[in-house]
Amino acid sequence: MLTFIGLGLYDERSITVEGRDALREADRAYAEFYTSKLLGATVDELESHHGVDIEVLGREGVEQRPEEMLDAAETEDVAFLTAGDTMISTTHVDLRLRAVERGIETRVVHGVTAQSAASGLSGLQNYRFGKAVTLPFPYAHGAEGVPQSVVDSIEANRERGLHTLVYLDIKADRDEYMTAQFAAGELASDWKDVLGVVVARAGSPDPVVAADRLSALADREFGDPLHMLLVPGDLHHVEADAVRTLGGAPDDVVAENEL
C-alpha cells in the first residue's frame with residue numbers, strides 16, 4: 001500500500017490523528033519538502049516525535065523517478081508525506097495513478113490546507129472564493145511585474161464579487177519564501193487602493209491577519225513565513241465585521257467592498 005499523508009501546516013503536531021497512526025504503522029516513510037515545508041519542525045524532529053525514519057526525496061525522485069518508492073509499496077506499507085495536504089496545491093495525483101497502474105493499493109489521509117486556514121483565520125467565507133492564483137517571483141517567470149494570467153484571474157473574480165486566494169511563490173529547497181509585503185507591492189501596481197488581507201504563519205501559535213489597502217500592506221512587515229495574500233471581492237456583512245475585527249481593516253476601506 002502507498003498512503004499519502006498530509007502533515008498539516010506548521011510542525012510535527014499538525015498532522016491529524018489518522019495521519020499520525022498511519023505514519024507510525026508504515027514499514028517505510030518518504031517525504032518531499034521541495035514545494036513547501038513545515039516551518040515549525042525539522043525532519044529530525046518529525047522522526048523523533050513519530051518514532052520513524054523518513055527518507056526525503058527531491059523533485060526528480062518523486063516526479064520522474066519514483067520507482068524506488070513504488071517498488072517498496074508493492075510489498076510493504078509505505079507512507080508518503082508532504083506539508084499541508086498531498087492532493088491540494090501540492091498535488092501528487094500523478095504518483096497515485098502510477099501506483100494504481102502497478103496494482104498498488106492507495107489511500108489518502110488529508111491534512112489541513114492553507115486554503116481552509118486562510119478562510120478560517122480571515123473570516124472570509126470559503127464558498128465565496130473564486131479561482132486561486134500563484135504569484136511567482138519575477139525571476140521565475142522571466143519578467144517584471146505581475147503575470148497577465150494572474151491579473152486576468154483576479155479581475156475575473158472581482159467582476160463576479162468573489163475573493164481571490166493568492167499563493168505566494170516558494171523555493172523551499174533554498175529557503176526562499178515570497179513575503180506578503182512584496183506581493184502586496186506587486187499587486188498594488190494594478191490595484192493600489194484595493195482591499196487586501198494578509199495571513200501569515202497559519203497553523204502556528206502566532207498567526208497574523210492584517211487587512212488594509214494593498215498599497216498600505218506593502219509598507220508593513222509580517223514576520224517569518226509562510227505568508228498568503230487574499231484579495232476580497234464583495235463582502236457579506238459578517239465578512240466585513242471579520243476583516244475589521246480580526247484584521248484591523250479601516251472602516252472606509254471595508255465600506256468600499258461591503259454588500
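How many bridges join β6 to strand β7, and do the two run parallel or antiparallel? Keep that in mind as we walk through this predicted model, beginning with the sheet that comes earlier in the numbering.

Five strands make up an open sheet here, in the order β3-β2-β4-β1-β5, and their pairing is parallel. At its edges you will find β3 (54-57) and β5 (106-109), each of which pairs on one side only. From one strand to its neighbour, the turn averages 25°, direction ignored. For a look at one pairing, take β2 (residues 28-32) and β4 (residues 78-82): these strands run parallel and are joined by four bridges. Within that pairing, Ala31 has Leu81 of β4 standing opposite. Now bring in a helix: α5 (residues 93-101) lies across β1 (2-6), β4 and β5, and its direction makes an angle of about 150° with β5.

Let us move on to another open sheet, again of five strands, ordered β6-β7-β12-β10-β11 and with mixed pairing. Its edges are held by β6 (133-135) and β11 (208-213); each has a single partner strand, so one side of each is left without a neighbour in the sheet. Neighbouring strands of this sheet are also turned by 25° on average, with direction ignored. Here we can return to the opening question: three bridges join β6 to β7 (residues 164-168), and the two strands run parallel. One of the residues to look for is Val133, whose bridge partner in β7 is Val166.

Val166 also leads us into the packing. The largest nonpolar core has 25 residues, and those touching the most other members are Ile154, Val166, Leu168, Leu187, Leu214 and Leu229. At least two residues of this core come from each of β6, α8 (148-159), β7, α9, β10 (195-200), α10 (214-217) and β12 (227-231). The top contributor is α9, which gives five residues. In soluble globular proteins, nonpolar side chains tend to be buried together.

Helix α9 (residues 180-188) deserves a closer look, being mostly covered, with seven of its nine residues buried. Those buried residues are Ala180, Gln181, Ala183, Ala184, Glu186, Leu187 and Ala188. Several names return when you turn to Leu214: beyond its neighbours within four places in sequence, Leu214 is in contact with Ala184, Leu187, Ala188, Trp191, Lys192, Val194, Gly196 and Leu229. Finally, apart from the largest core lies another one, of 21 residues, including Phe129, Leu195, Ala202 and Val243.

Technical notes. Residues numbered from 1 in each chain as written. Predicted model: local features only at pLDDT ≥ 70, side-chain atom pairs only at ≥ 80, totals over all residues. Heavy atoms only, no water. Pairing = 2+ DSSP bridges. Axes fitted to C-alpha atoms, helices over the stretch in contact; angles between N-to-C directions. Contact = heavy atoms within 4.5 Å. Buried < 20%, exposed > 50% of the residue type's maximum accessible area, 1.4 Å probe, protein only. Core = buried A, V, L, I, M, F, W, Y, C linked by side-chain atoms within 4.5 Å.
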